[in-house]
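Let's take a friendly walk through a protein and the ligand that comes with it. Have the picture open while you read, and turn it around as you go.

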Amino acid sequence: MLLYNYYRSSASYRVRIALGLKGLAYDYAAVNLQRNEQLEPGYGEISAAQAVPMLQDGEARVVQSLAIIEYLDERYPQPPLLPGDALARARIRALAQDIACEIHPLNNLRVLRYLVHELGASEDAKNAWYRHWVERGLAVVERQLEESPATGRYCHGDQPTLADCVLVPQIFNARRFDCRLDHVPTVMRVFDACMEMPAFENARPERCPDAVQ
Ligand SMILES: N[C@@H](CCC(=O)N[C@@H](CS)C(=O)NCC(=O)O)C(=O)O
């Protein structure tokens, strides 16, 4: 398998974690978003969205990090990243989507660039936008983790799931942009538990082959 990704891309980090949890080896194809390689001939031609990650498995290409992770989970069921009954799986997907669909799209590189270059937002305004949506979105996740008896060592129970694959990269991004995190203690407890696992630690941005130190 070949993973097109970028060390600082949180959507890519989600997939790197899932591959690690399943013990799957993969080749790393770096697409440098800072240098706009996602838009250039080459990757820009094979990615309709001009975004990472993309997983190539033989001749097949799979996009959208959550779809990639579910694809991996179906092809390589152990350990399951969507365990349990229909309700459990819905809860795990909902937590993942609270981040992947409600926070991340508002703070994507192309959105931030549009704010600055097309709408004339200052650097301070852009950062305020970023922090606002992360802090608000993580509060939504916090409330659900805090209120539900289904929360365990990880977002759902005592084994990492799809929800943890999505949560951890969002915290890396939040820290990068100096977001407040003191209002989400349960989120941070789960984050710390995840980071004790090699699959999360080994896939972190600074450990990627294309990382700029
Ligand atoms: N919903 C997509 C998001 C993909 C995405 O937008 N990735 C970002 C990096 S995290 C990207 O490639 N951005 C390039 C750009 O905005 O130009 C997923 O989960 O895979």
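This report starts at the ligand and then visits a few residues elsewhere in the chain. Keep in mind that the model is predicted.

## Who sits around the ligand

Start by finding the ligand. How many residues surround the ligand? There are 15 of them, and the closest are Gln38, Val52, Gln64, Ser65 and Asn108. If you sort the shell by residue type, you get six nonpolar, seven polar and two charged residues.

Now zoom in on some polar contacts. The side chain of Ser65 has an N or O atom 2.6 Å from an oxygen atom of the ligand. For Asn108, a polar side-chain atom is 2.7 Å from a ligand oxygen. Arg14 joins in too, with a side-chain N or O atom 3.2 Å from an oxygen atom of the ligand. How much of the ligand does the protein cover? On its own, the ligand has 510 Å² of accessible area, and the protein covers 90% of that.

## The pocket and its helices

So what kind of space is this? The ligand takes up the largest pocket. Two elements give two or more residues each to the shell around the ligand: helix 1, residues 10-21, and helix 5, residues 109-117. Helix 1 provides the largest share of that shell, with three residues.

## Two buried residues

Next, look at Val141, which you'll find in helix 6, residues 123-147. Is Val141 buried or exposed? Its relative accessible area is just 1%, and the cut-off for buried is under 20%, so Val141 counts as buried. Val184 is 43 residues away from Val141 along the chain, yet their C-alpha atoms are separated by 8.3 Å.

Ser47 is in a loop, the one that runs between helix 2 (43-46) and strand 3 (54-57). Ser47 is buried as well, because its relative accessible area is 4% and the limit is under 20%. Its side chain has a polar atom 3.2 Å from the backbone nitrogen of Ala51.

## Two cis bonds before prolines

Stay in the loop between helix 2 and strand 3, where Pro53 is found. The peptide bond leading from Val52 to Pro53 is cis, with omega near 10°. You've met Val52 already, as one of the closest residues to the ligand.

Where is the other proline to look at, Pro79? It's in the loop between helix 3 (65-75) and helix 4 (86-100). Gln78 and Pro79 are joined by a cis peptide bond, and omega there is about -15°.

## Positive phi in two loops

Last stop: backbone angles. Asn36 isn't a glycine, but it has a positive phi of about 60°. Look for Asn36 in the loop between strand 2 (27-30) and helix 2. With a relative accessible area of 27%, Asn36 falls between the 20% and 50% cut-offs, so it's called partly exposed.

Asp178 also has a positive phi, near 55°, in a residue other than glycine. Its home is the loop between helix 7 (162-176) and helix 8 (185-195). Is Asp178 buried or exposed? The relative accessible area of Asp178 is 59%, and exposed means over 50%, so Asp178 is exposed.

Terms used. Residues are numbered from 1 along each chain as its sequence is written. This is a predicted model: local features need pLDDT of at least 70, side-chain atom pairs count only at pLDDT 80 or more; totals for chains, interfaces and linings use all residues. Side-chain values use heavy atoms; hydrogens and water are left out. A residue is near a molecule or strand if one of its heavy atoms lies within 4 Å of it. A polar contact is a pair of N or O atoms within 3.5 Å; within protein, one must be able to donate a hydrogen and the other to accept it, and residues adjacent in sequence count only if both atoms are side-chain atoms. Accessible areas come from the Shrake-Rupley method with a 1.4 Å probe; for residues, only the protein chains shown count as cover. On a 1 Å grid over the protein atoms alone, a cavity is a set of points where a 1.4 Å probe fits but cannot get out, and a pocket is an open set with protein on both sides within 12 Å along at least five of seven lines; lining residues have an atom within 4 Å of a point. A molecule sits in a cavity or pocket if more than half of its atoms lie within 2 Å of its grid points. Helices (H or I, at least four residues) and strands (E, at least two) are DSSP runs, numbered from the N terminus. Ala, Val, Leu, Ile, Met, Phe, Trp, Tyr, Cys and Pro count as nonpolar, Asp, Glu, Lys and Arg as charged, and the others, Gly among them, as polar. Buried means under 20% relative accessible area, exposed over 50%, partly exposed in between (1.4 Å probe, protein chains only).
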